Amino acid sequence: MIPGFLEDTLENREMEGFIEHVQACEDCYEELEIMFMLSIGLQELNEDRNISYNFSQLLENKIVEAEIRFERIRRIRSLNRLVILILHLLVMLGVALQIVRWI
């Protein structure tokens, strides 16, 4: 899943699971760091630039950005569930009021 993470092609749930795993597994995080450095290095060669980077910080920033995105998605999902719950309650209230009218 590392190439998918680096290319931002993983689905949100895949990305979230990947990040959780990589943060808990030293071996996978080390492999991610190596692949990340190679990816950035190849980009620099293709763009014919020679710039020094703090690869560890760049990778950490990428992970933090993904976590922020996941938190936003979680909040939106929670808000959607709340809105749906309120709508269901309103429909049930409307049905109950209609039944009371008929009686």
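How many aromatic pairs does a search of the whole structure find? The search finds one, where rings of Phe, Tyr and Trp (its six-membered ring) are paired if their centres lie within 6.5 Å, and planes under 30 degrees apart count as stacked, over 60 as edge-to-face and the rest as tilted. The ring centres of F5 and F18 are 5.1 Å apart and the planes stand at 35 degrees, so the pair is classed as tilted. Because F5 belongs to helix α1 (residues 2-6) and F18 to helix α2 (residues 12-24), the pair ties together parts that are 13 residues apart in sequence. Both F5 and F18 are buried, the classes being buried for under 20% relative accessible area, exposed for over 50% and partly exposed in between, with a 1.4 Å probe and protein chains only.

The model is predicted: local features require pLDDT of at least 70 and side-chain atom pairs count only at pLDDT 80 or more, whereas totals for chains, interfaces and linings use all residues. Residues are numbered from 1 along each chain as its sequence is written, and side-chain values use heavy atoms, with hydrogens and water left out.

The protein chain contains four helices and zero strands, helices (H or I, at least four residues) and strands (E, at least two) being DSSP runs numbered from the N terminus. The order of elements from the N terminus is α-α-α-α. The radius of gyration of the protein chain, taken over C-alpha atoms, is 23 Å, against a value near 13 Å for a compact globule of 103 residues; the globule rule is 2.2 Å times the number of residues to the power 0.38. Along the principal axes, the C-alpha atoms fill a box of roughly 80 × 30 × 20 Å. Of the 103 residues in the protein chain, 20% are buried.

K62, in helix α4, takes part in two kinds of contact. Its charge lies over the face of F5, at 5.3 Å from the ring centre; the criterion is that NZ of Lys or CZ of Arg be within 6 Å of the ring centre and within 35 degrees of the ring normal. K62 also forms a salt bridge with D8, with the closest N and O atoms 3.1 Å apart. Since D8 is located in the loop between α1 and α2 and K62 in helix α4, this salt bridge ties together parts that are 54 residues apart in sequence. With a relative accessibility of 16%, K62 counts as buried, whereas D8, at 49%, counts as partly exposed. Between the C-alpha atoms of K62 and G94, 32 residues apart in sequence, the distance is 48 Å.

In total, the search of the whole structure finds four salt bridges, each defined as a side-chain nitrogen of Lys or Arg within 4 Å of a carboxyl oxygen of Asp or Glu. One of them joins the side chains of E71 and R74, at 3.0 Å from N to O. These two residues are three residues apart in helix α4 and hence separated by about one helical turn. E71 also forms a salt bridge with R75, the closest N and O atoms being 3.5 Å apart. R75 and E71 are four residues apart in helix α4, again about one turn of the helix. Through shared partners, salt bridges join E16, E71, R74 and R75 into one network. Within this network, E71 is partly exposed at 32% relative accessibility, R74 is partly exposed at 33%, and R75 is exposed at 57%.

A nonpolar surface patch of about 1,100 Å² is made by L79, L82, V83, L85, I86, L87, L89, L90, M92, L93 and L97. Patches consist of residues with over 30% relative accessible area and no salt bridge, with like charges joined within 9 Å and nonpolar side chains (Val, Leu, Ile, Met, Phe, Trp, Tyr) within 5 Å. Accessible areas come from the Shrake-Rupley method with a 1.4 Å probe, and for residues only the protein chains shown count as cover. One of the patch residues, L90, is found in helix α4 (residues 55-102). I103 lies in the segment after α4 and, at 83% relative accessibility, counts as exposed. The C-alpha atoms of I103 and L82 are separated by 32 Å, with the two residues 21 residues apart along the chain.
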